[in-house]
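Visitor: I have a structure here and a list of terms I only half know. Can you take me through it, term by term?

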Amino acid sequence: PTPAQVLRPRTPPPLQPPDTIVHIAPDPNTPKPEGRQIIPVKGEPLGVVSNWPPALQAALARWGATQAKSPALTALDITGKPLYTLTYGECW
């Protein structure tokens, strides 16, 4: 390859139109999930605040710009310990 070909990133393949998507049957030899099903925990009820953004995208834009390092979502492992924390800055 030429130096220009090495430095130029590859272009991704074009997406297929929705009518040509091929559905593949699941492999029967795949391992089955183990353990119990995880159910989301209900938190405390939210208070009624009048200055909240009207939509999720507006909220992410607002808090992503003002409080980018604040946690927006935390995933827990099966023991209840934080596994991953997503911040508002990463969402926006």
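Guide: Start with W92, which sits in the segment after helix 3. Helices are DSSP runs of H or I with at least four residues, strands are runs of E with at least two, and both are numbered from the N terminus. This is a predicted model: local features need pLDDT of at least 70, side-chain atom pairs count only at pLDDT 80 or more, and totals for chains, interfaces and linings use all residues. Residues are numbered from 1 along each chain as its sequence is written, and side-chain values use heavy atoms, leaving out hydrogens and water.

Visitor: Why does W92 count as exposed?

Guide: Exposed means over 50% relative accessible area, buried means under 20%, and partly exposed lies in between (1.4 Å probe, protein chains only). W92 has 59% relative accessibility, so W92 is exposed.

Visitor: What does W92 touch, not counting residues up to four places away in sequence?

Guide: W92 touches Q57, L60, A61 and G64. Contact means heavy atoms within 4.5 Å. W92 and A59 are 33 residues apart in sequence, and their C-alpha atoms are 9.4 Å apart in space.

Visitor: Which residues of helix 2 are buried?

Guide: In helix 2, residues 56–66, they are A59, L60 and G64.

Visitor: What puts these buried residues on the same side of helix 2?

Guide: They cover an arc of only 120° around the axis, so they share one side of helix 2. The arc is that of the directions from the helix axis to the C-beta atoms. An α-helix has 3.6 residues a turn, so residues three or four places apart point the same way. The buried residues of helix 2 pack against helix 3, residues 88–91. On the face turned away from the buried side, helix 2 carries the exposed residues A65 and T66.

Visitor: How do you know that strand 1 and strand 2 pair?

Guide: Two strands pair if DSSP finds at least two bridges between them. Strand 1 (residues 71–76) and strand 2 (residues 82–87) have 5 bridges, in the antiparallel sense. Among the partners, L73 bridges to L86, and T74 bridges to T85. The hairpin has 5 residues between the strands, and there G80 takes a positive phi near 95°.

Visitor: Why is T87 called buried?

Guide: T87 lies in strand 2. Its relative accessible area is 18%, so T87 falls on the buried side of the cut-off. Leaving out residues up to four places away in sequence, T87 touches A68, K69, S70, P71 and A72. A polar atom of the T87 side chain lies 3.4 Å from the backbone oxygen of A68.

Visitor: How many helices and strands does the chain have?

Guide: The chain has 3 helices and 2 strands. Along the sequence, the pattern is α-α-β-β-α. Buried residues make up 5% of the 92 residues.

Visitor: Which elements have the lowest and the highest mean pLDDT?

Guide: pLDDT is the predictor's confidence in each residue, from 0 to 100. Helix 1 (residues 3–7) has the lowest mean, 63, and strand 2 the highest, 91. The mean for the chain is 80, and 78% of its residues reach 70 or more.

Terms used. Polar contact = N/O pair within 3.5 Å; in protein donor to acceptor, adjacent residues only side chain to side chain.
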